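This report concerns two annotated spans, a metal site and a sheet.

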Amino acid sequence: MRTEQPKMIYLKDYQAPDYLIDETHLTFELFEDHSLVHAQLVMRRNPACAGGELPPLILDGQQLELLSLSLDGEELSETDYQLDDSHLRLQPKAERFVIDSSVRIHPESNTALEGLYKSGGMFCTQCEAEGFRKITYYLDRPDVMSKFTTTVSAEQHRYPVLLSNGNPVASGPEEGGRHWATWEDPFKKPAYLFALVAGDLWCVEDSFTTMSRREVALRIYVEPENIDKCQHAMDSLKKSMKWDEEVYGREYDLDIFMIVAVNDFNMGAMENKGLNIFNSSCVLARAETATDAAHQRVEAVVAHEYFHNWSGNRVTCRDWFQLSLKEGFTVFRDAEFSADMNSRTVKRIEDVAYLRTHQFAEDAGPMAHPVRPDAYMEISNFYTLTVYEKGSEVLRMIHCLLGAEAFRQGSDLYFARHDGQAVTCDDFIQAMEDASGQDLSQFKRWYTQAGTPRLAVSEVYDAQAKTYSLTFRQSCPATPGQSEKQPFVIPVALGLLDAAGNDLPLRLAGESAAVGTSRVLSVTEAEQRFVFEGIEAKPLPSLLRGFSAPVKLSFPYSRDQLMFLMQHDSDGFNRWEAGQQLAVQVLQELIGQQQRGEALVMDPRLTGALRSVLEDEQLDQAMVAEMLSLPGEGYLTEISEVADVEAIHAAREFARRQLAEALFEPLWQRYQANREASRNSAYVAEAAHFARRSLQNIALSYLMLDGKAEVLAACLEQFEVCDNMTERLAALAVLVNSPYEEEKAKALASFAEFFKDNPLVMDQWFSVQAACSLPGALQRVQQLMQHPTFTLKNPNKVRALIGAFAGQNPVGFHQADGSGYRFLADQVITLNALNPQIAARLLAPLTRWRKYDSARQGLMRAELERILASGELSSDVFEVVSKSLA
Ligand code: B3K
Ligand code: ZN
């Protein structure tokens with residue numbers, strides 16, 4: 001907990017470290033009621049800062065009990081150094097020296113899950129961003145890179161497996177039933193990549209032969225009961241290793257690569273060198289217990305952490321302001337990997353829907369910040385959608401502007417030039433510029449300006465001159481600390497459709513010949529016009545194909561034009577996008593009717609359009625499922641000026657019922673065909689099967705709205721008779737949201753009884769109920785908090801129940817009496833003391849108070865103020881609350 005107001009840290013204040021640490025030798029003695037950490041640091045003055053007097057050495061350290069300290073072998077006494085609650089300061093006497101320290105720490109009572117802590121019966125670590133300072137006194141900053149040797153000693157029978165980064169070099173028994181192991185990491189790394197694990201773990205082993213024919217041992221360590229749930233992660237790992245060789249020319253560099261699954265983890269996973277530590281939810285997957293979505297998440301996260309070995313570990317960040325250097329790039333890499341492994345268009349649709357719902361909301365709220373922030377109080381609060389997802393979009397735009405080949409040359413140059421270094425986003429851009437010969441100076445505004453740009457497009461067709469011009473006007477709303485914005489470089493991929501729906505050849509004014517039928521325009525000015533020549537009749541534009549830039553584009557499409565694009569656009573993403581825009585128009589009309597107290601009447605064109613989609617046997621089934629999914633309540637909130645929670649919910653539910661009724665036949669037919677196929681084939685975690693099940697399940701969710709007995713019977717049959725969690729959970733979710741109280745209660749009870757010992761499955765059980773919008777949601781959530789498997793100490797449980805309620809159940813959370821807000825604030829206050837990172841994350845829905853009516857605004861602000869007044873706040877919670885109220 002902070003004792004004084006946390007202070008802002010600024011990028012402009014960056015200074016290179018005065019000292020470097022060439023070698024780090026660590027010894028851990030792990031016990032049940034404390035642990036001892038001995039550190040030997042071989043240090044020297046940073047040659048980049050040489051000259052003049054030797055500056056003091058200021059090591060970071062928090063919650064450490066210093067037992068002994070020596071400088072070049074001489075024990076120091078308390079008068080030789082200064083200690084406060086976050087630093088140890090002493091005066092070196094020479095340019096080179098060795099520091100030895102011993103500290104006592106308490107992993108057994110570490111509920112913040114940062115530094116060294118216990119998860120169940122095992123010891124594990126999480127050091128990024130600033131957790132290493134809770135392990136020993138150190139220069140805990142990413143630009144200090146050191147060679148680590150680590151020895152771990154622990155009781156043999158409780159902790160038979162002792163792991164750290166790099167390669168195992170020695171091990172042996174010790175007195176008193178203990179044993180030890182030493183690991184050596186030959187690569188220099190910053191402390192945030194340090195890891196240690198000790199536990200009773202089993203492992204699945206495999207191997208990978210790299211492109212230069214080196215054998216790498218692959219091991220996934222889990223608690224014994226999970227040993228049967230590792231194969232999918234192992235397959236994903238091997239695919240990732242191969243893909244990174246083929247697509248980026250990146251080869252793995254150690255003899256062993258390990259993944260450890262732990263149950264208590266603040267986020268998805270961590271890319272520690274050679275020893276990735278994962279939330280078990282991102283490793284464990286098998287048909288019976290994990291959904292298709294969970295399988296895809298495991299594949300993506302395994303890939304993401306593996307890819308960090310180059311984009312993050314071999315080349316790391318100079319300081320934490322550069323976080324997107326590794327995160328944006330690695331998200332872009334994992335997204336491309338997933339696109340190559342599965343359906344590219346579907347992956348893009350999912351990512352864009354997520355970005356527009358969540359990142360756009362963040363970018364419009366009080367925590368908005370540029371992809372490279374210029375100030376923070378608590379760096380843990382900056383592992384955001386903006387740094388990750390928008391950061392990835394920035395990389396995608398560079399890829400789009402430069403083309404795949406030049407992008408690859410740029411990335412090769414970046415890795416070659418900076419291998420073993422801690423660098424900045426500017427270094428990355430420089431490599432891209434040097435390799436491509438393109439000037440990206442204006443483009444760099446994407447790193448420094450926050451907010452989602454708007455791009456308004458208008459058209460003029462000149463029948464005489466046979467020219468078609470598009471005018472783009474860009475603007476960007478003010479964000480905290482940034483009132484004026486300069487124009488961005490916005491790559492707009494587009495095509496022009498003729499009356500038959502074919503793409504026209506595209507020739508811009510001044511060009512002698514057409515250049516393809518889909519091309520990228522670079523919009524760089526506040527207002528800019530592009531003229532296409534040789535256009536025989538007025539075309540229909542297909543704009544921002546593949547969502548080529550993270551902007552809010554508007555073009556005055558009529559509903560008929562959107563339906564035409566849905567049918568004919570050669571860009572799969574834009575076919576979906578046209579459907580979404582059509583649905584948004586129709587839903588907004590219904591929302592208006594609802595607000596005015598009128599009878600709801602839905603435009604039948606939406607039904608017609610979705611009927612054609614359902615009847616299109618050629619269309620990828622996953623696309624059919626995506627197109628059938630109406631824009632979510634979260635997205636409808638994001639695009640509203642003032643979000644009317646109840647009207648949005650009522651309008652969307654009304655539309656779903658209308659569609660269910662009108663499309664019953666084709667939905668039922670599709671459902672039955674797909675269910676039949678599911679019944680007749682064993683579960684396979686592959687795109688075509690994901691597609692089939694996703695259509696089956698969305699069809700079921702519509703069909704159940706119609707209240708027919710045969711559908712209820714089918715749903716119960718699917719729930720009971722299936723070999724996989726995808727079908728079972730979907731049936732359960734549909735039942736939970738249905739009015740069939742008896743069947744619902746029975747299904748929930750039998751599910752919980754069967755899966756009570758599987759925490760990840762129980763998380764799903766909690767989420768399904770927390771997200772259910774039927775009346776009484778808060779009471780249900782409060783009751784579920786009493787369930788024996790629920791605990792606030794496990795982040796997955798907090799996310800599954802409280803997070804799902806506040807984030808995925810708008811009508812439940814935004815109850816007009818403010819009870820949802822009060823409940824969330826109570827949980828944040830409790831969690832602030834237990835786990836500040838989780839507490840701060842849970843707060844996000846309250847920070848969006850400006851989106852709602854004035855009564856709700858008042859209630860939400862009051863809860864933020866109550867949190868602020870609740871006592872000593874962590875820097876994590878303090879930063880989010882104070883910025884939200886500012
Ligand atoms: N780099 C880690 C995130 C660490 C978060 C620390 N609060 C996981 C990842 O992005 O791969
Ligand atoms: Zn990452």
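The text below takes the annotated spans, then the metal site, then the sheet.

The model is predicted: local features need pLDDT of at least 70, side-chain atom pairs count only at pLDDT 80 or more, and totals for chains, interfaces and linings use all residues. Residues are numbered from 1 along each chain as its sequence is written, ligands are numbered from 1 in the order in which they are written, and side-chain values use heavy atoms, without hydrogens and water.

UniProt lists two spans from unreviewed entries; such annotations may be inferred rather than shown by experiment. Helices (H or I, at least four residues) and strands (E, at least two) are DSSP runs.

| UniProt domain | Residues | Helix | Strand | End C-alpha distance |
|---|---|---|---|---|
| Peptidase M1 membrane alanine aminopeptidase | 233-446 | 55% | 9% | 34 Å |
| Peptidase M1 alanyl aminopeptidase Ig-like fold | 451-554 | 0% | 43% | 17 Å |

The zinc ion (ligand 2) is coordinated by His304 (NE2), His308 (NE2) and Glu327 (OE) at 1.9 to 2.1 Å. Donors are N, O and S atoms within 2.8 Å of the metal (3.2 Å for Na, K and Ca), and sites may look incomplete because water is not among the atoms. His304 belongs to helix α2 (residues 292-307) and Glu327 to helix α3 (residues 323-341), so the pair ties together parts 23 residues apart in sequence. His304 is buried (under 20% relative accessible area, 1.4 Å probe, protein chains only), at 8%; Glu327 is buried too, at 1%.

An open, mixed sheet has four strands in the order β29-β26-β25-β31, where pairing requires at least two DSSP bridges. β29 (527-533) and β31 (552-554) are at the edges with a single partner strand each, so one side of each lacks a neighbour in the sheet. Strand β25 (residues 454-462) pairs with β31 in the parallel sense over three bridges; Leu455 has Leu553 of β31 as its bridge partner.

Key:
Buried < 20%, exposed > 50% of the residue type's maximum accessible area, 1.4 Å probe, protein only.
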